[in-house]
Amino acid sequence: MRRRLFGSAALTAPLLLMMLASVLPGQPVHRLIPPALAGWIELVLAAPVVLWGGWPFFVRGWQSIVNRSPNMFTLIGLGVGVAFVYSLVAVIAPDVFPPSFRDLTDRVGTYFEAAAVIVTLVLLGQVLELRARSQTGAAIRALLGLAPKTARRIGLDGREEDVPLEHIRVGDRLRVRPGEKVPVDGLVVEGRSPVDEALVTGEAIPVEKEPGSRVVGGTVNGTGSLIIHAEKVGSETLLARIVQMVAQAQRSRAPIQRLADRVSAWFVPTVVLVAIATFVVWALTGLEPRMAYAIVNAVAVLIIACPCALGLATPMSIMVAVGKGATMGVLFRNAEAIQTLRGANTLAFDKTGTLTEGKPRVVGVVAAPGHREEDVLRIAASLERGSEHPLAAAILAAAMERELSLPAVQEFRSSTGKGVSGVLEGKSVALGNAALLEDLRVSPVPALAEADSMRRDGQTVVYLVLDGAVAGLLSVADPIKASAPAAIEQLRAQGIRPVLLTGDNQTTADAVGRKLGIEEVFAGLLPDQKVEVIKQLQAKGRIVAMAGDGINDAPALAQASVGIAMGTGTDVAMESADVTLVKGDLLGIVRARRLSQATMANIRQNLFFAFIYNALGVPIAAGVLYPFSGLLLNPMIAAAAMSFSSVSVIGNALRLRTARI
């Protein structure tokens with residue numbers, strides 16, 4: 001398109017100069033070049049512009065007629081075709097025209113410059129549109145470009161070699177040296193190092209990685225050396241999936257696009273009828289040469305009414321919005337999700353992993369009189385070192401944070417559903433719940449009565465028994481995400497009602513609901529029951545969005561009007577959702593909704609720009625104002641106005657890139 005634009009502009013410039021010179025006093029060009037010869041020169045200059053530069057528009061216009069789907073190219077093809085063919089006949093066989101086509105000098109007027117300028121301006125609009133489209137994908141291309149081209153693979157014999165990235169397979173062991181980019185998504189098996197994940201999360205602070213940590217392809221390793229186990233390669237990596245989702249979303253159509261399609265379906269035939277009516281009225285009652293005026297004004301109507309801006313109004317905003325969302329850690333699967341999210345008035349949250357971090361932590365250690373908190377935690381962690389229970393991992397993590405030394409436990413025993421016991425440093429020890437205390441016939445001392453308040457607060461309490469007496473207790477909880485309170489408060493301010501859906505028990509669910517100000521709490525739900533709750537809310541007329549992260553949330557995410565998945569959750573959840581938050585940060589929901597609101601407002605502004613020029617221009621082009629003001633619209637001016645509407649739409653859509661969300 002750019003080559004066609006530059007070639008057409010080079011040939012159109014002398015046509016414009018000849019046209020402007022013809023209106024100068026004394027008409028110097030006509031003195032040098034006879035009118036008959038000038039017509040042939042104009043034909044030679046205009047033919048490549050119309051037939052080569054404008055060929056794509058004629059093809060699309062013909063396809064629109066064959067498919068019975070009139071659009072902007074229908075009008076462009078008709079307008080340019082009529083102007084060029086009329087001028088071509090006027091040059092080759094002027095004698096076939098009756099007097100009504102001739103001016104005062106008995107010459108049949110030509111409009112090669114109008115046809116050429118129209119094609120050049122439409123080409124300009126197409127190039128601007130294509131450039132704007134490419135700019136919206138620039139961030140994604142930059143993201144792909146940051147992925148390394150090779151990886152350092154460690155062979156079974158321990159030898160290391162650099163191999164192309166496409167040769168890496170799941171299960172390969174890879175070394176990531178200091179300062180290098182992580183080649184694929186994987187699991188750290190050796191080494192410690194800070195990794196800059198700003199590429200994916202937007203966070204400037206590097207994240208410390210150690211054995212057991214996951215890394216994302218394209219992120220940058222810091223000062224240490226890492227050995228990773230490749231888990232996802234090629235199109236399965238997070239970066240590749242982000243690019244795939246963004247590209248898919250940019251190609252999709254929002255429901256509001258159907259409005260523009262419906263308008264175009266009746267708008268184009270109406271414009272053709274107006275152009276025919278303009279031709280007839282001017283041919284019967286217009287100025288001499290009447291037929292020339294009739295053709296020029298009919299062409300002006302066709303050109304200025306061209307709804308090319310209408311075709312840009314929605315796609316441009318959607319593409320810019322999807323690209324901006326990707327840079328903010330918000331991935332939209334399709335355009336419909338952007339439009340639907342704006343209208344959502346209810347947001348259902350899963351608890352674990354969505355509102356909470358999904359990783360239990362020790363949030364309280366209470367020692368009985370005569371004991372120290374540090375000893376309580378040290379003994380409890382020593383016992384739990386032999387357990388695989390999730391609570392055990394939390395207690396061990398707390399002990400590691402405090403760098404406590406953990407002595408070995410003898411005679412370790414586990415009581416399913418109750419706790420663990422053993423011998424430590426010559427003393428009998430046990431750690432477990434109230435049921436374990438009953439088995440051991442140990443009663444909690446009054447000083448530990450705060451255990452009840454901890455339970456009401458949604459925490460799990462375990463007691464430490466030392467030589468037949470309670471030495472202390474530990475409370476373990478899944479902490480609420482730091483972003484959750486602010487996110488829910490801001491969503492509530494936007495008129496969204498939060499709802500909690502969880503498979504956890506009612507006491508814990510109520511505690512989380514109280515902390516976050518969520519009044520509607522549904523607990524103890526299986527995956528199909530979550531779907532039923534969403535259906536009930538939708539039956540009440542609510543537009544429900546659902547936020548979740550687990551496999552058990554996938555059916556509910558699919559049922560909701562808009563499913564929002566945490567990027568830190570399972571692949572199944574992300575595949576079922578319409579929106580993915582790369583970081584799992586709940587404030588991303590607030591940003592996503594604000595972006596959807598800004599996008600829909602931008603689309604409406606674009607539709608206004610697309611229609612206002614047409615609505616004002618068609619009557620002027622038809623000559624309605626001529627009896628009062630003598631004003632007629634030259635087809636070139638009509639083409640400029642039509643192109644200006646496209647430029648207005650493109651410029652307005654690109655404003656979304658700098659919008660503060």
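**Exercise 1. Which residues are exposed on the other side of H21, away from the buried ones?**

Before starting, note that the model is predicted, with local features needing pLDDT of at least 70, side-chain atom pairs counting only at pLDDT 80 or more, and totals for chains, interfaces and linings using all residues. Residues are numbered from 1 along each chain as its sequence is written, and side-chain values use heavy atoms, leaving out hydrogens and water.

*Step 1.* Find helix H21 at residues 527-539; helices (H or I, at least four residues) and strands (E, at least two) are DSSP runs, numbered from the N terminus.

*Step 2.* List the buried residues (under 20% relative accessible area, with exposed over 50% and partly exposed in between, 1.4 Å probe, protein chains only): Lys530, Val531, Val533, Ile534 and Leu537. They lie on the same side of H21 because they cover an arc of only 160° around the axis, taken from the directions from the helix axis to the C-beta atoms.

*Step 3.* Turn to the other side of H21: Asp528 and Ala539 are exposed there.

**Exercise 2. Find what the buried residues of H21 pack against.**

*Step 1.* Look for contacts, meaning heavy atoms within 4.5 Å.

*Step 2.* Among the strands, pick out E11 (346-350), E18 (497-501), E19 (520-522) and E20 (544-548).

*Step 3.* Add helix H22 (554-559).

**Exercise 3. Find the residues that join H19 to H24.**

*Step 1.* Locate helix H19 at residues 484-493 and helix H24 at residues 587-622.

*Step 2.* From H19, take Ala486, Ala487, Gln490 and Leu491.

*Step 3.* From H24, take Leu587, Ile589, Val590 and Arg594.

How values were computed. Axes are lines fitted to C-alpha atoms, for helices over the stretch in contact, and angles run from 0 to 180 degrees between N-to-C directions.
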